[in-house]
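Got the viewer open? Let's take a walk through this one, one selection at a time.

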Amino acid sequence: MSDSKQQEEQQKNPVQESEKTPEQKSEKTPVQKSAKSQDKKQQQNQQNKQQNQKNNKQQQQNQQNKQQNQNQKNKNQQPKKGKQQGKTPFKIENFPVPEYVQQRIDVWDRIKRDQKKGEEKPIKITLPDGSSKDGIAHKTTPYEIAQSISQGLANSVLVAKINDSLLWDLNRPLESDCRLQLLKFDAPEAQKVFWHSSAHLLGQALERKYHCKLCVGPPLKDGGFYYDMAVVDKVVTSEDYDDIKNIVNIIVKESQPFERLEVSKEDAIEMFKYSKYKVEMISKKVADGSFCSVYRCGPLIDLCKGPHIPHTGKVKAFHVYQNSSSYWLGDAKNDALQRVYGISFPDPKQLKEWLNIREEAEKRDHRKLGQKQSLFFFHPLSPGSCFFLPHGARIYNKLQAFMRAEYQKRGYTEVVTPNIFNKELWEISGHWENYKDDMFIFKCEDVDYGLKPMNCPGHCLMFKHEARSYRELPIRFADFGVLHRNELSGSLTGLTRVRKFQQDDAHIFCTHDQIKPEIFGVIDFMKHVYSTFGFSFSLELSTRPEKFLGEIQTWNDAEAALREVLDLQFPGAWKENPGDGAFYGPKIDVHVSDALKRSFQCATIQLDFQLPRRFELKYVKSDQSEGTPVIIHRALFGSVERFFAILIEHLAGRWPFWLSPRQLIVMSVAQSAEDYAREVYNHFHSAGFYVDLDVSDRTLPKKVFDAETSNYNFMLVVGEKEKKEGTVNVRHKLAEGETKPKEEIKKLSEAEQFFLQLVKEFK
C-alpha cells in the first residue's frame, strides 16, 4: 500500500500511532489489517453511542437543575412565614376569636345603645398660645380642634391634655371650658398612651392565637408594654412571634377605632364574667354603685382607664421581643400566667433604632457583666438579696466612700440606726397602716416587729432624743443602714429590684426659712455626683395631689420655694408634674440618662411637713417659742444596688481607674525578673491600689491578653531592663477602637503619682 493510501485509511480510522498496541504495530497482511479496521469501526461506533447517551443524560440533568432553580426562585418570591420551610401561608381565618367575644360585644352594644348623651352647650377651648376656639360640650372633640388648625397637626397628634393634667382621648367629646394641649409622640405622656394602646393590639392578637383569658397589659416605664394571660395547655415560644405580629399587622391595616364606654360595676362583671381575673379586679377596685371605663378596638373589649390613640392604624411598627412566666397580681401564691412583651412606634425608623439600642443593652446587661467580672450573684436561698463578691464589694465600698467624703465637705453627719423596730414606731409614722404589706413583719415575745424599709422614722427618734435649738438647725443625718422591702418575687430583677439594699439616705431637719438654701445645697451636691459619673439628668417638680395632709398655704409656700430654686439653677430646663407629689409634701424627681439615652429615676428630693407632726418634733425658736421643723428627704444614688446596676451598664463594664476593682496587674517578662515583679507589686499594694501579680511561665502576649479580658486598667510589665533601672513599663488598657496599647516607661514613684492623680480627678 502506498503512503498516500495509508494516510487516507488513517483519516477514515483516526487512531493515533501512540494509541496502537504492540500487536497493531507489527501487523503486515491486508486481510489482517482489514479485520482490524472493522473491529476499530465497531469500537468507534460503540464509543459514539455511549457519548450520545452521556450527552442526553447531561441535558436531562441540566433541565432538572433549571426547573429546580425556577422553583426555588418562585418560593423565594413568596411571603416568608417563619423559619420553617414549607410553612403554610398566614391566614387570619386560622385564628378565629374565642366564643366569649360575642357575649362581651353583646353587653357593649346594649350599654352603648342605652347610654345618654350629655347636655350640649357652648364652651371655650383655650390653646397653649393663648388663642381660643369655640366648641360644643359633649360634641366637639380635641381631634376636631386639631383639624381646625391644620390637617397635618390632626394626623400627627396622638392624645390631648386637659387643664395641664388630665389626658383625654382625641375622639372623646370635651365636656366643659378647658385649656387644651395636643400631644405628639415626642411627648413622654403621649408615648405612654401609644404603648398602652399597642398593648390592646397585642391583647387582641393573643386572644385569637391562644383563646386565653387576658389579665393586665400596661405600658412599661422604660418603653414598650406587655400583656399577661392565663392559657391552658399552651406555652408561648419564640416561634409564635410571627403569628402574633401577623395578626397585629391585620389589626393595624383595619385602623380599628378605640371607643370608650362607662359601665356600672354590675355591667362590667356581666361583660367579663368569662374571666375570674377580670371579675376579681372589678370586685376589688370598683366601688359598689360606681362606674368604670372599658375600651374597645375591633373584637377586643377590656377594662381600662385610658386614654388611647384614635385608631390602630397609628401603629406603623410593631415587634414582639420576649416572653416569660408571671403570676396573677405578681404573687407566687397565685395562678401562674404567661407574659408577652412588645414594642411599637409610629415610624419604622424608630423601631430600627430601638433594636440597635436593645442589642447594645443586652451586651451591657449588668447581670451578664456582673457574672463575667465576678462581681456579684444571687441565690434562691435568699431571693432578692445580693451576694457581693470581693471585686464587687470593692466597687460598692468605693461608692459609699465617695459619698462619705462629700458628706464631710457638705456638713452631713453620718449616723447608725437599728434594723428592727416595734410596730408602735410604724404606727406613729403611718407605715403600719399604709406600707405594712411591703414590710417584713415577725413576732418576738408576742410583740409585732418589722425590719425597717426606710430610715426616716428612726431619724425622727434621733432628732427627738435631745432638746433642739434653732441654732443647731439645719441638722443633716446621713445613714447607709440596711433596708428590707417585701417585693413580690415576680418583680425581682437583678440589682434593679431587690429586697435587701442600702441607700445613700439623708434627712435634713430645718426651719421653713431654710428650705430654699438647703434645696440649693442638695441640688449642687446632686450635680457634682452625676457629673462625676458622666450622667446627664432632667428634673420634674411634683406638686400637691388631690389627697394631701396639711394646710394649702404651707403647700403653696413650699412649692413656690422649690420653683424658685429650679428656675435659678435650671432656667427653662425643668418640668412641672401637677398633682403627683407625695401626700405629705411636694418633691423633685430626678431622671438620669445613661450612655444609651435610657432614663432612670435615681435622686429624689422631698419636703415633708407631716412626719415631724406625727412624731411631735420640736425645736426652740429665737423668741423661745416652739417650732416644728420641716424634713427634707434626699437620696442621690437612690439604692446603692440599683445605682451599681445603672452604672455598670452605663460604663459597659469598663470601670474608670478610681472606681475599678482591678486597677493594676504586675507581670514579669522572664523568671529572672520575678523578684523585681514582687517588689513592684508590694510597692503599689502598700500605696493602697488594687493590684494583682502574674509571674507565671506563660508568654507575655498570653498574660497581656488575659489582663485585657479581665479589664485591668493598667499592666505593669517588668523585665531585666526595668529591674536594672528601677522602672515599670506602664501599658494602658486598650480604649474602644484602639488596636495598639499606649506604653510608658516610668519610675515607681512617678507611676504612683500618676495613679494617685487619676483617683483624685475621678478618672
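Start with the sheet: in this predicted model, four strands make an open sheet, ordered β6-β7-β12-β11, with antiparallel pairing. Select 213–214 for β6 and 317–327 for β11: these are the edge strands, each with a single partner, so one side of each has no neighbour in the sheet.

Now go to the middle of that order. Select residues 225–230 (β7) and 336–345 (β12); the two pair in the antiparallel sense over five bridges. Which residue of β12 is the bridge partner of Y227? Click on V340 and you have found that partner.

Next, add residues 188–210. This is helix α7, which lies across β6, β7, β11 and β12 and runs at about 30° to β7.

**Cysteine stop**

Show the cysteines. How many disulfides does a search of the whole structure find? Zero. Pick C212 to see an example: its closest cysteine sulfur is in C215, 8.3 Å away, which is too far for a bond. A disulfide would need the two sulfur atoms within 2.5 Å. C215, likewise, is in no disulfide, with the sulfur of C212 as its nearest cysteine sulfur. Are these two buried or exposed? C212 is buried, at 0% relative accessibility, and C215 is buried too, with a relative accessible area of 1%.

**Core stop**

In soluble globular proteins, nonpolar side chains tend to be buried together. Here, the largest nonpolar core has 59 residues; select L399, I519, Y530, F533 and I588, the ones that touch the most other members. Then highlight residues 515–532: that is helix α17, which gives the most to this core, with eight residues.

Zoom in on I519. Leaving out residues up to four places away in sequence, I519 touches L562, V565, I588, I605, L607 and I632. Once you've seen that, jump to a second, separate core of 46 residues; L201, Y226, I247 and V252 are among its members.

**Confidence stop**

Finally, colour the chain by pLDDT. The chain mean is 87, and 88% of the residues reach 70 or more. Where does the pLDDT stay under 50? Select residues 1–41 for one such stretch; the model gives these residues 16 contacts beyond four places in sequence. Residues 71–84 are another place to select: the pLDDT is below 50 there, and the stretch has nine contacts in the model beyond near neighbours in sequence.

Note on methods
Residues numbered from 1 in each chain as written. Predicted model: local features only at pLDDT ≥ 70, side-chain atom pairs only at ≥ 80, totals over all residues. Heavy atoms only, no water. Pairing = 2+ DSSP bridges. Contact = heavy atoms within 4.5 Å. Axes fitted to C-alpha atoms, helices over the stretch in contact; angles between N-to-C directions. Buried < 20%, exposed > 50% of the residue type's maximum accessible area, 1.4 Å probe, protein only. Core = buried A, V, L, I, M, F, W, Y, C linked by side-chain atoms within 4.5 Å. pLDDT = per-residue confidence, 0-100.
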